[in-house]
Amino acid sequence: MSSPAEPLRILAVNHHHPQAPVIGAVRVARFAKALAERGHRVVLLTGALGSADSGADPAGIAEALAAHDWGRPFHLACPPRPAPLLAAAREGRLPRPLRRLVLAGHYLGHGGVFSDWRRGSMPYWSVLAQVFRPEVAWGTFGNTDAWAIAQGVARQSHCPWVMDIKDVWDAFVPCPVSALVARRFADAAACTGLSQGHLDQSGRRFAIPKTAVYSGIPDELLVPTAPSMPFRITITGSSYGWLEGMMAGVGRFLEGLPREQRGEIVLTYAGGEHELVRRMAEGLEGRCGLDIRPFIALADLAGLQRQAFLNLYGRVVGQPGWFHHKLFELLSADRPIATFPTETPEAVDIASACGGDLSLCPDPPALAQALERAWRQRRPQGGGVDRGALAGYTWGAQAARLEAVLSRAAGRPP
């Protein structure tokens, strides 16, 4: 898909600073970068990285915009206005009844519970509207204040705005105020979502065109690696409370192996739950090797996943529309994948279309069976994932989908 003949001026809004060490910082920052690489002018408006950030002088933003190299996004970090009571409520430092009252009051009065960040961004709205003059704004939920900022700048700029849904609405917006909050944002021109499941569940409140735009994978993950005999079981990402069942399945699998084969296997984890995984894996000591680490770079994690005879992850089951982006990274490793305890039909269909080997493991015996099969069938080369199909899920390919949505909203031919 080619870019429009003339570049779009796009405002992208996300609460998390691009350098924040959280997954929520990635989606909008990477798409902002990809859109800039496609020739568009992009301002990325986020929260500040830390409390010491006092923010840029609004009077200097006009000069900075004029001098900016538009081969990359212009980043505008906006610190929040002080709101001690609201911050205490968000962080759970108030008694429960008062906390609920404060949060509900902010949803009803302001449409969100990060209104301190929205108010901190407001001095820049008129500068963006008058100097940058966006043709379309794109804000991600996240939280509804990112939508409010995109909506507010769009109104001052007399341009449309597009909502993005990267988190599940029902998990963050209380049911009693949900309908009222949704009505505040009914003027969006279109809606994008992290997955079709997000659009079906969280997007059902908005009668506007909807398009799934998956968070991408780096192009380098598509490059095959040299064949090697896999020996790891990796656990990727948050466990969402399923570690006990996972460890029971791994233990059951190991019990069925000869001692010499157990010695070849290494259970591997790298991420934020490393201390928890270490404790939960104590019962496996002596039965297999353990390689448990804190967060590592994505390229290093991909290397571990390509050494696995099975890549395992846990899934959130309380929210039916919750999509786990890690599926694409694991497909690129081209090794068998298991999810505990289940997956959505959307994820199963994507894995099938890409030629992936995905097992749904509702209990420890099912996981042990998936491990036994993967161990028995392991081989140096991958399983033959369709890298052409998987290429449709890179940041660049998905940015083209996003570009088409934003172009239509701005009245440009996609």
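**Exercise 1. How much space lies in the second largest pocket?** Then describe its lining in this predicted model.

*Solution.* Start with the volume: the second largest pocket holds about 300 Å³ of space. Next, look at the lining, which is made of 16 residues; H15, G47, A48, L49 and P80 are the closest to the pocket's centre. Finally, sort the lining by class: eight residues are nonpolar, five are polar and three are charged.

**Exercise 2. Work out how many disulfides the structure holds, and check C354 and C361.**

*Solution.* Recall first that a disulfide is a covalent bond between the sulfur atoms of two cysteines. The cut-off to apply here is a sulfur pair within 2.5 Å. Now take C354: its closest cysteine sulfur belongs to C361 and is 19 Å away, too far for a bond. Then take C361, whose closest cysteine sulfur, in C288, is 17 Å away, again too far for a bond. The count for the structure is zero disulfides. While you are there, check burial: C354 has 1% relative accessibility and counts as buried, and C361, at 0%, is buried as well.

**Exercise 3. Find which strands stand at the edges of the open six-stranded sheet.**

*Solution.* Write down the strand order, 10-9-8-11-12-13, with parallel pairing. Strand 10 (289-293) and strand 13 (358-360) each have a single partner strand, so they stand at the edges, with one side of each lacking a neighbour in the sheet. On average, neighbouring strands of this sheet are turned by 20° against each other, direction ignored. Now follow strand 13 to strand 12 (residues 337-340): the two run parallel and are joined by three bridges. To see the pairing up close, look at A338, which stands opposite S359 in strand 13.

Note on methods. Residues are numbered from 1 along each chain as its sequence is written. This is a predicted model: local features need pLDDT of at least 70, side-chain atom pairs count only at pLDDT 80 or more; totals for chains, interfaces and linings use all residues. Side-chain values use heavy atoms; hydrogens and water are left out. On a 1 Å grid over the protein atoms alone, a cavity is a set of points where a 1.4 Å probe fits but cannot get out, and a pocket is an open set with protein on both sides within 12 Å along at least five of seven lines; lining residues have an atom within 4 Å of a point. Grid points are joined across faces, edges and corners, and a volume is the space filled by probe spheres set on the points. Ala, Val, Leu, Ile, Met, Phe, Trp, Tyr, Cys and Pro count as nonpolar, Asp, Glu, Lys and Arg as charged, and the others, Gly among them, as polar. Buried means under 20% relative accessible area, exposed over 50%, partly exposed in between (1.4 Å probe, protein chains only). Two strands pair if DSSP finds at least two bridges between them. Helices (H or I, at least four residues) and strands (E, at least two) are DSSP runs, numbered from the N terminus. Axes are lines fitted to C-alpha atoms, for helices over the stretch in contact, and angles run from 0 to 180 degrees between N-to-C directions.
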